[in-house]
Amino acid sequence: MAFEPPRRLVRALGETAPEGDDWLEKLPGLAREAVERRELTVERVQLPGGRSSLVVLVRRADGTPAVLKLAPPRARPESERVALAHWGGRGAVQLLEPVSEGAEGSEGVLLLERLHPDVSVRTLPEAKALLEAAGTLRRLWVDPPEGHVFETVAERTGRQAKAMRAGADAAPEVTPLVDAALSAREELLDSPPEHRLLHGTFRQSKVLSGDRMPWLAVGPDPVVGEHAFDLARLVRDRVEDLIAQPSGATTTRRRVRRLAESLEVDRDRLRGWTLFRAVESGVRARRVGRERDAELLLEFASWL
């Protein structure tokens, strides 16, 4: 079978690829090797797929349905492997092939429990979707494994802050929002209330229907920090719908309050991290030429 990378993946990785990165060119060969090594039967490549990995629906030698996921090193697949193993299927997709670090043929390859890839909580009415997503997220907030090497919120947002400053220099009109976001970050990092293992990139589309449990999270980019950071990305889900509403700003503030209350997170801390993450995403979208996304995200951020 030809493992043609989906257009969405090619476009997304092309926006962030460092010079000389040839992972996409190697991907078809890597996929064939991973399939042969595990004696898998390929059904199809999942479309439109994700923005950081190739997802292939497969069956194991005994006929069990599974998912083969291949991701480049910059997507931190080994960090995802460790987090999924630590969660052990509680609130997240089950890792079917725990492999010791450095094992031959394991780098950047994950064999996962098959969920229903076309059914996420985003298919539910908005209020129900937020409720189910929040409940799933709560199960993931556990103490990180002893001696972990996960990135911290301070480290990740520190890298992002540098890029945001550069973006503001190139586009002075976003400077007030960037300044507000960076100021919020400094205050929030001063006294974080907890240090837990977080999903890192949680949103409605990252929660899929399963057979073992009704809803399970997929695609983490794990990080260690406070709950409010993880919840912040969920606040802006369906941002295009929020922007289209005459009452979008009011709805957004109500969503912050309800999510904070339902997950026992400080409302001001949630608002602060939501501001930072929205501005960071907006500046990054503008940097790679996604102007429409940038406009939506920065307008959303202005409501906070």
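## Exercises on a predicted model

Asp-22 is found in the loop that lies between helix H1 (7-16) and helix H2 (23-38). Since the model is a predicted one, treat each value below as computed from its atoms.

**Exercise 1. Is Asp-22 buried, partly exposed or exposed, and how far is its C-alpha atom from that of Pro-72?**

Solution. Start with the relative accessibility of Asp-22, which is 36%. Buried requires a value under 20% and exposed a value over 50%, so Asp-22 counts as partly exposed. Next, take the C-alpha atoms of Asp-22 and Pro-72: they are separated by 9.7 Å, while the two residues are 50 apart along the chain.

**Exercise 2. Work out which strands pair with S3, and in which direction they run.**

Solution. Begin with strand S2 (residues 54-59), which is joined to S3 by six bridges and runs antiparallel to it. Then turn to strand S4 (residues 109-113): five bridges join it to S3, again in an antiparallel arrangement.

Now follow one residue of S3, Lys-69. On the S2 side, Val-55 stands opposite Lys-69. In S4, the bridge partner of Lys-69 is Leu-110.

Finally, check how covered the strand is. S3 spans residues 65-70, and five of its six residues are buried.

**Exercise 3. Which residue takes a positive phi in the hairpin of S2 and S3, and where is the cis peptide bond that involves Pro-48?**

Solution. Look first at the hairpin, where five residues sit between the two strands. Among them, Gly-63 has a positive phi near 90°.

For the second part, go to the loop between strand S1 (41-45) and S2, where Pro-48 is found. The peptide bond running from Leu-47 to Pro-48 has an omega near 0°, which makes it cis.

**Exercise 4. Compare Arg-238 and Glu-264: what is the phi of each, and is each buried or exposed?**

Solution. Take the backbone first. Arg-238 is not a glycine, yet it has a positive phi of about 60°. Glu-264 is not a glycine either, and its phi is positive at about 55°.

Then place them. Arg-238 belongs to the loop between helix H7 (227-235) and helix H8 (239-244). Glu-264 lies in the loop between helix H9 (248-262) and helix H10 (267-287).

The last step is accessibility. Arg-238 has 13% relative accessibility and therefore counts as buried, whereas Glu-264, with a relative accessible area of 70%, is exposed.

**Exercise 5. Describe the whole chain: how many helices and strands does it have, and why can it be called as compact as a globular protein of its length?**

Solution. Count the elements first: the chain has eleven helices and nine strands. The radius of gyration is 19 Å, close to the 19 Å that the globule rule gives for 304 residues, so the chain is as compact as a globular protein of that length. Along the principal axes, the C-alpha trace spans about 55 × 40 × 40 Å.

Next, look at packing. Of the 304 residues, 52% are buried. Among contacts with a separation of 6 or more, 71% come from residues 24 or more positions apart.

Close with the surface and the charges. The accessible surface is about 14500 Å², and carbon and sulfur atoms contribute 50% of it. There are 47 positive and 48 negative side chains, and the centres of these two sets are 4 Å apart.

Definitions and conventions
Residues numbered from 1 in each chain as written. Predicted model: local features only at pLDDT ≥ 70, side-chain atom pairs only at ≥ 80, totals over all residues. Heavy atoms only, no water. Buried < 20%, exposed > 50% of the residue type's maximum accessible area, 1.4 Å probe, protein only. Helix = DSSP H or I, 4+ residues; strand = E, 2+ residues; numbered from the N terminus. Pairing = 2+ DSSP bridges. Rg over C-alpha atoms; globule rule 2.2 N^0.38 Å. Contact = heavy atoms within 4.5 Å. Areas by Shrake-Rupley, 256 points an atom, 1.4 Å probe, with all protein chains shown as cover. Lys, Arg positive; Asp, Glu negative; His and termini not counted. Charge placed at Lys NZ, Arg CZ, Asp CG, Glu CD.
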